[in-house]
Amino acid sequence: SPPRAGEDIRTTCAYCGVGCGIIATPTGERSVTIKGDPDHPANTGKLCSKGTHLGETIGLEGRLLTPMIGQRRASWDKALDLLAKRFRDTIAQHGPNSVAFYVSGQLLTEDYYVANKLMKGFIGSANIDTNSRLCMASAVAGHMRAFGEDVVPASYDDLDAADLIVLVGSNTAWCHPIAYQRIRARCDAGAKLVVIDPRRTETADEADLHLAIRPGTDVALMNGLLAWCRDAGVVDHDYLAAHVATPDAFWDQLGEGSDLWSVARICDVPPQDLRRFYELFAATPKTVTMFSQGVNQSLSGTDQVNAITNLHLATGRIGKPGAAPFSITGQPNAMGGREVGGLASSLAAHMDFAPENVARVGRFWAAPTMATKPGLKAVDLFRELGNGRIKALWVMATNPAVSMPDAGRVREALAACPFVVVSDVIETTDTSVHAHVRLPAAAWGEKDGTVTNSDRTISRQRAFMVPPGEAKPDWWIVTQVARRMGWKTAFSYDRPAEIWREHCRLSAYENDGARLFTLPGHAAKGNAEYDAMTPFRWGGTPFADGRFSTPDGRARLVPVVQKPVAAPLAKWPMTLNTGRYRDQWHTMTRTGLSPKLARHREEPLVEVHPDDAERLGIVDGGLTRVTTPQGDSLFRASVVTAQRVGELFVPIHWTDRTATGGRTGLLPRPLADPISGQPGFKSTPVRIEPV
Ligand code: SF4
């Protein structure tokens with residue numbers, strides 16, 4: 001039954017990976033008051049501006065309320081029958097790898113689970129990838145290489161215990177504000193904060209030390225620090241001997257280019273600042289190194305992650321309070337997606353595509369056609385869509401026509417695809433204009449399920465409104481399609497609690513402890529307990545016993561080498577960086593509805609250093625054209641010393657539908673880290689000129 005007006009509903013924020021708890025109190029059919037949940041461990045009652053204004057974004061403006069085939073309304077039966085038939089026919093004619101799903105960290109874990117099960121166990125392809133590929137795939141790949149499992153070995157509690165917090169490639173004050181408040185509180189109590197970021201962001205402004213490194217030189221910085229720790233006698237040889245496999249010649253490869261002066265030159269930072277950082281790190285056992293998109297969205301993102309994990313393993317700073325590498329995710333449920341295998345490169349319950357895992361998951365699901373190898377990662381998926389090899393695509397809760405790199409090509413690929421389905425909350429997005437079928441999805445506040453935040457805390461998201469029109473939860477939509485494709489029994493769920501229990505059972509299935517991710521106790525809990533679930537963190541303090549998820553139980557030091565930084569090109573002499581604004585979220589389909597949030601930044605600006613502005617005749621507030629080999633767009637200039645000379649920064653949020661310029665997605669190259677497949681958004685060759 002729908003909640004009554006005045007009833008307090010405990011749920012979680014719809015936005016970032018901090019995963020703040022919210023108390024939503026309906027005040028009418030589509031109005032609600034929002035406050036922070038004092039009992040939620042992620043935020044203890046606090047909310048940032050985005051969370052606070054969630055209540056302004058639940059109106060029906062722009063909502064998709066009925067299924068649509070082309071531009072005509074259709075019944076659910078007709079739309080689902082058509083979807084199932086077109087996918088079945090395409091698979092019959094061209095094989096299972098001719099179809100794909102592209103899903104989202106906005107989905108709840110139960111939605112993600114059934115989509116992954118349908119594609120990998122029943123259609124028989126692993127062509128399901130997620131916009132989380134754009135967010136943290138390099139962290140996943142780095143964890144797999146170092147720990148043998150994609151486990152974040154840190155929690156927000158570690159921030160409260162750390163004496164040094166190093167933020168790498170993260171404007172935490174804007175992008176994860178409540179985690180940042182916790183960092184500030186710890187710094188007020190005496191901890192030091194070091195920020196490593198090419199830009200002098202609001203976070204960097206408040207740091208004890210800011211290293212504005214040359215983009216893409218993180219490996220040199222971290223390898224230099226590791227060499228410094230070795231020379232300072234800080235490497236924990238006992239820990240390494242007991243718990244870590246160290247490849248031959250690992251230490252030798254650190255030699256050349258890892259001295260202070262060489263690193264300072266490669267990273268383009270003052271040697272005295274670098275020395276200060278190295279001395280601080282070496283002297284502070286309780287160090288948390290938090291990293292985000294500046295690391296992950298790099299063409300060598302996985303190596304950068306492992307340069308960080310190497311440091312923590314070599315100094316024994318892992319599995320202890322206040323000491324860990326900490327990947328923070330962008331989206332509310334990127335971690336839940338990882339747990340159910342929402343990435344094309346993973347299977348389910350933290351398993352990969354090793355033959356024994358394929359067989360195990362196949363047994364559990366009683367799957368007729370298991371995928372046996374990884375599928376297409378996002379950049380490759382849309383390239384294959386453009387090449388005509390993907391002939392039917394289902395996009396769920398995301399807007400790749402804006403958010404993918406080289407978004408112009410993605411639009412062309414969507415337009416040329418014989419059959420595109422978009423299930424979304426929003427009626428018209430830059431992606432859904434290319435859809436043959438649009439399905440109305442239930443939104444935040446209208447559906448039930450679970451999410452996992454950056455520190456492995458699983459929380460319930462709860463409905464406090466009735467879905468409008470004919471909108472339905474994503475798990476229901478996927479299940480209906482699966483049944484129509486012929487798999488009635490395997491997808492006979494009536495409620496998300498049933499999917500949750502199956503997910504929990506799979507996590508524990510034939511798991512003798514080899515995988516840390518397991519939720520066995522929850523598999524036996526009934527619907528009432530699911531409804532009443534309070535937030536809990538799985539995995540305790542990962543690796544506290546020094547045992548990792550590799551076959552021999554030992555972590556791995558991974559040799560990583562700084563790649564040469566490309567010299568500027570004559571035609572594209574500058575470097576383009578992209579990122580978020582404080583009060584907007586992704587492509588603004590939700591935050592764009594709040595007038596209060598729009599006040600922070602009313603339009604997209606290109607940030608440019610005064611020296612570059614003077615040289616190019618750009619004035620503060622003047623219009624400019626930003627051009628890359630992929631495309632161009634107009635931006636108003638913001639001339640700021642926070643930028644490094646030769647580098648530009650633009651926000652990711654604006655789209656064709658929200659502005660005449662600021663189309664950032666058109667600009668980045670469709671290139672990705674070769675290991676993780678995560679696109680390198682942070683360093684696109686570019687030029688800028690006044691208009
Ligand atoms: Fe929501 Fe993130 Fe803000 Fe918390 S910090 S209120 S999860 S946007």
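The residues of the shell around the ligand divide by character into nine nonpolar, four polar and one charged. Please bear in mind that this is a predicted model. Of the 14 residues around the ligand, those that come nearest are Cys-13, Cys-16, Cys-20, Cys-48 and Gly-51. Two elements give two or more residues each to that shell, namely α1, residues 49-52, and α7, residues 177-188.

Let me turn to the protein as a whole. Its secondary structure comprises 25 helices and 26 strands. How compact is the protein for a chain of 691 residues? The globule rule gives 26 Å for that length, and the radius of gyration is 24 Å, close to that value, so the protein is as compact as a globular protein of that length. Along the principal axes, the C-alpha trace spans about 70 × 60 × 55 Å. Of the 691 residues, 59% are buried. As for contacts with a separation of 6 or more, 75% of them are between residues 24 or more positions apart.

I would next like to consider one helix, α14, which covers residues 301-314. What end-to-end distance should its 14 residues give? At 1.5 Å a residue, counting one less than the number of residues, the expected span is 20 Å, and the end C-alpha atoms are indeed 20 Å apart, so expectation and model agree. Is this helix covered or open to its surroundings? Helix α14 is mostly covered, with 14 of its 14 residues buried. For that statement, a buried residue is one with 20 or more other C-beta atoms within 10 Å of its own. After α14 comes Gly-316, which has a positive phi, near 65°.

Finally, I come to a group of strands centred on β24, residues 631-639. Which strands pair with β24, and in which direction do they run? Strand β22, residues 605-608, runs parallel to β24 and is joined to it by four bridges. Within that pairing, Val-606 has Ala-637 of β24 as its bridge partner. Strand β23, residues 623-628, runs antiparallel to β24, and six bridges join the two. Here Thr-627 stands opposite Asp-632 in β24. Strands β23 and β24 also form a hairpin, with two residues between them. Thus β24 has a parallel pairing with β22 and an antiparallel pairing with β23.

Key. Residues numbered from 1 in each chain as written. Predicted model: local features only at pLDDT ≥ 70, side-chain atom pairs only at ≥ 80, totals over all residues. Buried ≥ 20, exposed ≤ 12 C-beta atoms within 10 Å, placed from the backbone. Rg over C-alpha atoms; globule rule 2.2 N^0.38 Å. Contact = placed C-beta atoms within 7 Å. Near = placed C-beta within 6 Å. Nonpolar A, V, L, I, M, F, W, Y, C, P; charged D, E, K, R; others polar. Pairing = 2+ DSSP bridges.
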